[in-house]
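I opened this model to see how its chains are folded and how they meet. My entries follow in the order in which I looked things up.

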There are 2 protein chains.
Amino acid sequence: MKLFGYWRSSATYRVRIALALKGIDYDYEPVNLLKGEQKSAAYLSKNPNGLVPTLITDDGAALNQSLSIMEYLEETFPDPSILPRDPVGRAQARAIAATIACEAQPLMNLRIQKYLKEEASFDDNAVKDWLNRWPGSAMAAVEKMAAEKAGAFCVGDAPTMADACLVPQWFGALRFGVDLSGLTRLNEIYERCIALPAFEKAHPLNQPDAVKG
Amino acid sequence: MKLFGYWRSSATYRVRIALALKGIDYDYEPVNLLKGEQKSAAYLSKNPNGLVPTLITDDGAALNQSLSIMEYLEETFPDPSILPRDPVGRAQARAIAATIACEAQPLMNLRIQKYLKEEASFDDNAVKDWLNRWPGSAMAAVEKMAAEKAGAFCVGDAPTMADACLVPQWFGALRFGVDLSGLTRLNEIYERCIALPAFEKAHPLNQPDAVKG
């Protein structure tokens, strides 16, 4: 399999975590978002929305959207699982993943921040208010959702799709100065996750296209 | 089961479609978003993000997030299925659902439009530009994703989660004046879907809390 992605993309980072948790080997092809490579005709033929990541399966299918790719990996490489066994636990892990992917990240990602600053003339304070209002309040909801069912991780005692979404979102929120104070449960889970080898392997700074310093 | 929702909520509409396609009976409890009922302590205890829908299972578990709820329904009431059988087809249906739920709807929903108008002083043209830029371009991507695999519906010859997301998004986009011209494939699928009894049953105007006229 081949993963097209970008080191600092939150959605790519989710899929790298899922691949690493399952111990799946893959080739990695960087798509430089700062250079606009996601808008090339070659890339758009694989991902019509011009977003990363795209996973190319061994049969050549081009799969889009991190939530969908993680479900594909779970179905085709079921062991170890990245979902709880019981239906309600699975729903809770997926609900946390979806809260991050549908409520937090879409309102924090770079293209939206760029639009707000460059086309809507938001100043730094207005951007900060936006980030705390939308991604910030979504993460506060996740803190409560995790507390209901948490063991060592977001749902239970093994990492799931919820943790694969939490860690990249937390990493990005720290980078953009979103106020995460008070989210003590999520902070504990984040620290526990990033200490694991699979999360370390998936970390943005450990990718070949990382720009350090 | 009991569904807490709002007649015109896109995410509630998705879940109503999934329930209707599977022929599942349920109680419906309206949450009036215009009156702020989603922010009551009683509702927040079921849905910490203050969003609709919430599905209460027969065992009393409160499930959040439409994508997760649809997966729960698929796992616990597998027949008829709302996903294709093959892993790549399943991934493609989920990718369309996720493109709508993660790229289109979060940037079109009412709380964001309200913020842009009331707190960021967007005028009507600026809101229109925003809606065409983000939800509009996501739908243009879905048009291409659907064309790759479409039979009668978004992926194959039976309605899936992709169609359960498409129809509410299309309905909302028409309401808000998003430019959908040129998306002929999706328009055909939308028309085919809304002619089916399950989609008719799930339609906003056919809910007990609908405000008509």
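**The axis and the interface**

I began with the rotation axis, and among the residues of chain A the one that comes closest to the axis is A:Cys102, at 2.2 Å for its C-alpha atom. I note here that the model is predicted, and that I read every entry below with this in mind.

I then looked up the operation behind that axis: chain A is superposed on chain B by a rotation of 180° with 0.0 Å of shift along the axis, at an RMSD of 0.0 Å. The two copies are thus related as by a two-fold rotation axis.

Next I asked how many residues of each chain are in contact with the other chain. I found 32 residues of chain A in contact with 32 residues of chain B. On the chain A side, strand E4 (62–64), helix H3 (66–76), helix H4 (87–104) and helix H6 (124–149) each supply at least two residues, and the largest share, 11 residues, comes from H4(A). Sorted by character, the residues of chain A that touch chain B divide into 19 nonpolar, seven polar and six charged. I also compared the two sides, and 100% of the interface residues of chain A are interface residues in chain B as well, so the copies meet through the same surface.

**The fold of one chain**

For chain A I recorded nine helices and four strands, which follow the pattern β-α-β-α-β-β-α-α-α-α-α-α-α along the sequence. I checked the radius of gyration against the rule for a compact globule: with 213 residues a value near 17 Å would be expected, and chain A has 17 Å, which agrees. The C-alpha atoms of chain A fill a box of roughly 45 × 45 × 30 Å along the principal axes, and 49% of the 213 residues count as buried. Of the contacts in chain A between residues at least 6 apart in sequence, 71% join residues that are at least 24 apart.

**The sheet, read in chain B**

I followed the strands in chain B, where four of them form an open sheet in the order E2-E1-E3-E4 with mixed pairing. Strand E2 (27–30) and strand E4 (62–64) of chain B stand at the edges with a single partner strand each, so one side of each is left without a neighbour in the sheet. Neighbouring strands of this sheet are turned by 25° against each other on average, with direction ignored.

Last, I looked at one pair within the sheet: strand E1 (residues 2–5) and strand E3 (residues 54–56) of chain B run antiparallel and are joined by three bridges. B:Leu3 has B:Leu55 in E3(B) as its bridge partner.

Key. Residues are numbered from 1 along each chain as its sequence is written. Chains are lettered from A and ligands numbered from 1 in the order in which they are written. This is a predicted model: local features need pLDDT of at least 70, side-chain atom pairs count only at pLDDT 80 or more; totals for chains, interfaces and linings use all residues. The radius of gyration is taken over C-alpha atoms; the globule rule is 2.2 Å times the number of residues to the power 0.38. A residue is buried if 20 or more other C-beta atoms lie within 10 Å of its own, exposed if 12 or fewer, and partly exposed in between; C-beta atoms are placed from the backbone. Two residues are in contact if their C-beta atoms, placed from the backbone, lie within 7 Å. Ala, Val, Leu, Ile, Met, Phe, Trp, Tyr, Cys and Pro count as nonpolar, Asp, Glu, Lys and Arg as charged, and the others, Gly among them, as polar. Two strands pair if DSSP finds at least two bridges between them. Axes are lines fitted to C-alpha atoms, for helices over the stretch in contact, and angles run from 0 to 180 degrees between N-to-C directions. Copies are superposed by least squares on the C-alpha atoms of residues with pLDDT of at least 70 in both.
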